[in-house]
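Some labels given to parts of a structure rest on fixed cut-offs. The turns below ask how such labels are earned.

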Amino acid sequence: MSTSALTHHVRVLATPGDRHDEILTPAALDFVGHLAAAFGERRQWLLKERRRQVLRLASGSPLEFPMVTAAVRADSDWRVVPPAPGLTDRRVEITGPPERRMAVNALNSGAKVWMADFEDATAPTWNNIVGGQLTLLDAIERRIDFTTPEGKEYRLGDSSGLATIMVRPRGLHLEEEHLEFDGRPVPAALVDFGLYFFHCAQRQIDAGYGPYFYLPKLENCYEARFWNDVFVTAQELLGIPRGTIRATVLIETITAAFEMEEILHELREHSAGLNAGRWDYLFSLIKTFGHRTDFLLPDRAKVTMTAPFMRAYTELLVRTCHKRGAHAVGGMAAQVPGKDPAANEAALATVRLDKEREAEDGFDGSWVAHPALVPVCREVFDGVLGDRPHQLDRTRDDVEVTPADLLSVRRISGPPTADGVRTNIAVTLRYFAAWLRGQGAVAVDGLMEDAATAEIARVQIWQWLRHRVIDRESVERILDDEVVALGAEYPWAPVDDIRALFERTAMTGELPLFFTPDAYSRHLVKRAEAQA
């Protein structure tokens, strides 16, 4: 890495762990430091712009397709780069945290892609973050095989059948408080991206693939430009050809839905398409328009992908992607098989219907959360794609979506039910308990829950309280019941901390934009004496 010397170096403020020195090498930390120096202030500006946008929309400014980028949308000539090796066929993608057992299962699952998720599916303890980087390094080096104390073996299969690795770093709003640069925490997104890229980019290229990423929670094309510039700089620093990185952007904020073409355009030399992220999209809708009664949502289970505004969002995503030669990847099937055959059959039938809708709408693939769902998702897309790797030729010129279509929420409005309120509280508390214990993906009532589902569950409670469609006394009674039930179910759970976290993030006058920054700083940051 040929670079100018840094005035300040990245300092590790955490206790050293097993094999951490393999990831936190001086050269790797210097690489992360260069990224922090180059992009730290710009990230702060982008976060301030997010807050300004929230205030603009709250004051009544309309959300529309931007006039300033109309020329990008009107220009019919540009396309994103062709698919990179290992990303041509994406009919089934599996997601999960970069934990060793889950990594082996995901890579062997028969899915075309494994998204190693440092964001919603990982509770960002320091050991989870560095351990996740070790998992990825070991998987690429094929030294991840292990046997549990009970004698169960986890072994990678033949390389030709393994899923292609993509990495989702944490969002731009998060910081890594165990690393310090120039007296401030390092942006978590640059830590996750930078450590993986430094250690694994060339290894992936040597294996015939490349460093591939998923980008979460982007809100506009300027954030896409930020990431494209990060990619260009990282490739230059390590002497890797420009355009080697590929990234799929999750369209999971309401403002990003109005700038899909612009986001693809900014990343066109590094783009691997767009993905539809359901729960975060609804979460974003409430954060953005929660002050308005015409954006009240009913129970989250009733807000299906067939709702008019969700159909508009997904069909526009497919049309946008295929117009520009990019893959369109569908949303998550979160069902987790259990011991009840009848329940499993019903769950698989639900997954099948969801995937049939996506494949028929033109999506090139979709997400699942569990290896047992891979066969049904693959079967559905096999039935539509056949031997073709994708359906980019389906340009969906029949789709016309207006701003009003994307915002037509009142057509599915309805009062929340008592069961819906209780479910949201119960899921949020149980997820908080798991997250504070260091587990970012947890099965609750047959569904794999992560930070996105916890976020939509808690902001729905906030929205219903704000508009008095439920009363605070009823919420507090249910909360009392569910806290007691949580303590009985999980005797180890810090129920007082969990209740306080819920009250701070779901029952206050002003909605915290995310639960994670506060909970992370209070509970997951464990600093040691600073080390050089």
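What follows is a set of questions and answers on strands and one residue. This is a predicted model, in which local features need pLDDT of at least 70, side-chain atom pairs count only at pLDDT 80 or more, and totals for chains, interfaces and linings use all residues. Residues are numbered from 1 along each chain as its sequence is written, and side-chain values use heavy atoms, with hydrogens and water left out.

Q: Why is Ser-271 called buried?
A: Buried means under 20% relative accessible area (exposed is over 50%, partly exposed in between; 1.4 Å probe, protein chains only). Ser-271 has 4%, so Ser-271 is buried.

Q: What makes β11 largely enclosed by the rest of the structure?
A: Strand β11 covers residues 271-276 (a strand is a DSSP run of E, at least two residues, numbered from the N terminus). Six of its six residues are buried, so β11 is largely enclosed.

Q: How do you know that β11 and β12 pair?
A: Two strands pair if DSSP finds at least two bridges between them. β11 and β12 (residues 328-333) have two bridges, in the parallel sense. Leu-274 stands opposite Ala-328 in β12.

Q: What joins β10 to β11?
A: Four bridges, again in the parallel sense, pair β10 (residues 246-251) with β11. Leu-250 has Asn-275 in β11 as its bridge partner.

Q: Which residues does Ser-271 touch?
A: Contact means heavy atoms within 4.5 Å. Not counting residues up to four places away in sequence, Ser-271 touches Val-80, Val-81, Arg-246, Ala-247 and Leu-264.
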